[in-house]
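Work through the exercises below with the sequence and the 3D view open. Try each task before reading its solution.

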Amino acid sequence: MFMQNNQVNDENMREISFAEAIREALAEEMRRDPTVYIMGEDVAEAGTPFKVLLGLVDEFGTERVVDTPISEAGFSAIGVGSAMTGMRPVIDIMFGDFLPLAMEQIVNRAAKIHYMSGGKLRVPIVFRTTLGAGRRSAAQHSQSLHAWFSHIPGLKVAIPSTPYDAKGLWKTAIRDDSPVIFFEDKMMYSLKGLVPDEEYTIPFGLADIKRSGKDITLVATSSMVQVALDAAKKLEEIGLSAEVVDPRTTWPLDKKTLIASAKKTGRVIVIDEGYEQYGVTAELAAVIAEGAFYYLDAPVRRFGAMDVPVPFSPVLEDQTIPSAEQIVEAAKDLCAV
Amino acid sequence: MTAYQQPLPPAAELEDSVLLQMYYQMLRARRLDERMWVLHRQGKVAFHISGIGQEGTQIGAAFALRKGYDWVYPYYRDISLVLTLGMTPRMLMLGLFGKKEAVSSGGRQMPEHFSYRPSKLVTISSPVGTQIAQAPGTAFASKIKGSDEVTVVCFGEGTTSQGDFHEGLNWASIHKLPVIFLCQNNQYAISEPMSVEMAVKSVADRAKGYNMVGVKVDGNDVLAVYDVMREAVARARKGEGPTLVEGFTYRPVPHSSDDDDRTYRSREEVESWKKKDPILRFEKLLYERKLLDDAKKTEIEAGIMDEVNDATDYAMRAPYPAAEECLYPVYGPLP
Ligand SMILES: Cc1ncc(C[n+]2csc(CCOP(=O)(O)OP(=O)(O)O)c2C)c(N)n1
Ligand SMILES: [Mg+2]
């Protein structure tokens, strides 16, 4: 399953996986800019547990693909310290659940140094990490914590849902002069999609319409985009035309596109794999409610991960993730069919 | 199996029956662990992380403790430790499958994140090392309460690079807390060899920086570990402070069922360490002392395989949690 993107020419496209798209983006940026380097646990020979970085060490050596001791707080700080001198580190945090260990460096340091130095010090760093459940790895390997970072002024947050978006957003992330937290859905690495041969970047703060429709808008992020597309297909079978909008970055946020789609369809469901309580879905629903209030036929509905620590047992875990069936039911309800 | 609940004498004076108990515990853990790998390969379970090769360190430590009295923070490789301290093969298998009856969490926690309240075993967090700073907290409470219970916390050598290690050891030493930091040094942190993890040759050397006793011991020599742990426990119980123990060993299997160790180490290296296997080594000693012969070994093996088969069958047949069990217990009961 892949998304056509309007701006690109089909002829010069190849089908590659989400993981390959990320690896290509990093390799191209490392070739282009000698200040870019990658640092984290098991990034070099092992190429990370998900094998996303496999082979990079062969091309760039252990000086630029650096295996670190197990010390997330430490190597995040090392990254921040080097970034202020003009380096562009990619700090690999194996699971998003390990970000709390590096929180001081990300939230109180990386996010604030630019402002607190009156713009004289920059921290062009990217924290690369994962989100998403469904892998039977329980409460401390499955969380989607991107809302935390979207909450902090000074940080940008990318959450791509296709190989095309991943590659384009990665290149922007590395070139950006502000700290970026880059979340990859760990279940998506083998997802295939078309990616152009030629160089391209995708700006932050630009949503993408993954499918257009007129009856209802499904705003979905990262892992939930495929779920929303699935739901859209099922809705089509019963005669409902769903538009699927992917913000691609939670901050900066393309409010305009979200609001325009909501105005067009009048009904909105927001789906994101972070916890529902105080989550991304709440922010997006509020943006839409504020911007399209007079156009809405019903209150905005939202689906996040169930508000429980993600359990291990398959029968328990599967229920915690929003499903296409739930979305279809909610859509039918909103559209009164 | 109650013989070792009391403080036992030094290794040289241990009774034959205790030595055979040690052997049985090592072998049982090994066979259960091997079965777990098989179940993973058959696609019956989602994940396994193994303690194979580290039984010498774990059993040496377990026999130095008062079961159900001392607090233990096992880490994910501590299959033989937790089996010796009161968990059963069925319990571990139920956890592996994520079944309702699994004592650690009723299927909520990942396999091998052991906890068992009756044995005072505390579950780890998947982010490694956070238990190293919690253990002095448990020991601090024992001290305040005037109890002579001891706390043992286990972790790998790679994890000693975390800040929690520094913070935990510093605290424990300032307050002379009854805690033993048991580092199981298997020379790798997933793909990273020790040289990438630290500039020192031995984790135990770091104890000096905290004015703490640090001991490096051959982790594949169960009796040597036992003696070192026994002394550390005695010191802690008497209020003479913490010890950092480093059991030097090897992980002859991949890091976990998700890992392929061929990308980062040679087969020759792995094979050479397999020859130093702690069970083979102990077995040799028991043969030399005439405590074990082929017939007896076959008998022990058969008994163990019955236990392993029973645990497997039982766990496979056991029901999964009911769907609504997902929703609790997120919070404790209201006051
Ligand atoms: C904070 C944190 N970072 C990274 C990981 C991923 N991880 C799991 S086990 C492990 C290696 C631990 O090595 P070591 O402490 O030597 O223990 P071993 O597995 O070798 O027994 C790593 C890096 C993690 N679980 N938690
Ligand atoms: Mg290790």
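**Exercises on a predicted model**

A:Arg248 sits in the loop that joins strand S11 (242–246) to S12 in chain A. The model is a predicted one.

**Exercise 1. Backbone angles**

Task: Find the sign of phi at A:Arg248, and describe the peptide bonds from A:Trp251 to A:Pro252 and from B:Tyr328 to B:Pro329.

Solution:
- Step 1. Begin with the general expectation: most residues other than glycine have a negative phi, and most peptide bonds are trans.
- Step 2. Turn to A:Arg248. This residue is not a glycine, yet its phi is positive, at about 65 degrees.
- Step 3. Move on to A:Pro252, in the loop between strand S12 (249–251) and helix H9 (255–265) of chain A. The bond that leads into A:Pro252 from A:Trp251 is cis, with omega near -5 degrees.
- Step 4. In chain B, go to the segment after helix H11 (294–317), where B:Pro329 is placed. The peptide bond from B:Tyr328 to B:Pro329 is cis, and its omega is near 0 degrees.

**Exercise 2. The interface of the two chains**

Task: Describe the contact between chain B and chain A by its residues, its buried area and its salt bridge count.

Solution:
- Step 1. Count the residues. Chain B contributes 37 residues to the contact and chain A contributes 35 residues.
- Step 2. Take the area. The two chains bury about 2,700 Å² between them, and 62% of this is on carbon and sulfur atoms.
- Step 3. Look for charged pairs. One salt bridge is counted between chain B and chain A. The partners are B:Asp258 and A:Arg135, whose closest N and O atoms are 3.1 Å apart. The cut-off for a salt bridge is 4 Å, so this pair qualifies.
- Step 4. Add the polar contacts. Across the interface, 12 residue pairs are in polar contact, with both residues at pLDDT 80 or more.
- Step 5. Ask which helices of chain B take part. Helix H4 (89–97) and helix H7 (194–197) each supply at least two residues of the side of chain B that touches chain A. H4(B) gives the most to that side, with three residues.
- Step 6. Sort the residues on that side of chain B by type: 18 are nonpolar, 14 are polar and five are charged.

**Exercise 3. The ligand site**

Task: Where does ligand 1 lie, and how many residues surround it?

Solution:
- Step 1. Locate the ligand: ligand 1 is between chains A and B.
- Step 2. List its surroundings. There are 22 residues around ligand 1, and the closest are A:Glu72, B:Tyr75, B:Tyr76, B:Thr159 and B:Tyr188.
- Step 3. Check distances to oxygen atoms of the ligand. From B:Tyr76, a polar side-chain atom lies 2.7 Å from one. From B:Gly158, a polar backbone atom is 2.8 Å from one. From B:Tyr188, a backbone N or O atom lies 2.7 Å from one.
- Step 4. Take the cover. On its own, ligand 1 has 570 Å² of accessible area, and the protein covers 97% of that.

**Exercise 4. A salt bridge within chain A**

Task: Which parts of chain A does the pair A:Glu184 and A:Arg128 link?

Solution:
- Step 1. Note the total: the structure holds 50 salt bridges over all chains.
- Step 2. Pick out one of them. The side chains of A:Glu184 and A:Arg128 form a salt bridge with an N to O distance of 2.6 Å.
- Step 3. Place both residues. A:Glu184 belongs to strand S7 (residues 180–185) and A:Arg128 to strand S5 (residues 126–131) of chain A; the two residues are 56 residues apart, and the pair links distant parts of the chain.

Notes
Residues are numbered from 1 along each chain as its sequence is written. Chains are lettered from A and ligands numbered from 1 in the order in which they are written. This is a predicted model: local features need pLDDT of at least 70, side-chain atom pairs count only at pLDDT 80 or more; totals for chains, interfaces and linings use all residues. Side-chain values use heavy atoms; hydrogens and water are left out. Contact means heavy atoms within 4.5 Å. Buried area is the accessible area (1.4 Å probe) that two parts lose on being put together, summed over both. A polar contact is a pair of N or O atoms within 3.5 Å; within protein, one must be able to donate a hydrogen and the other to accept it, and residues adjacent in sequence count only if both atoms are side-chain atoms. Helices (H or I, at least four residues) and strands (E, at least two) are DSSP runs, numbered from the N terminus. Ala, Val, Leu, Ile, Met, Phe, Trp, Tyr, Cys and Pro count as nonpolar, Asp, Glu, Lys and Arg as charged, and the others, Gly among them, as polar. A residue is near a molecule or strand if one of its heavy atoms lies within 4 Å of it. Accessible areas come from the Shrake-Rupley method with a 1.4 Å probe; for residues, only the protein chains shown count as cover.
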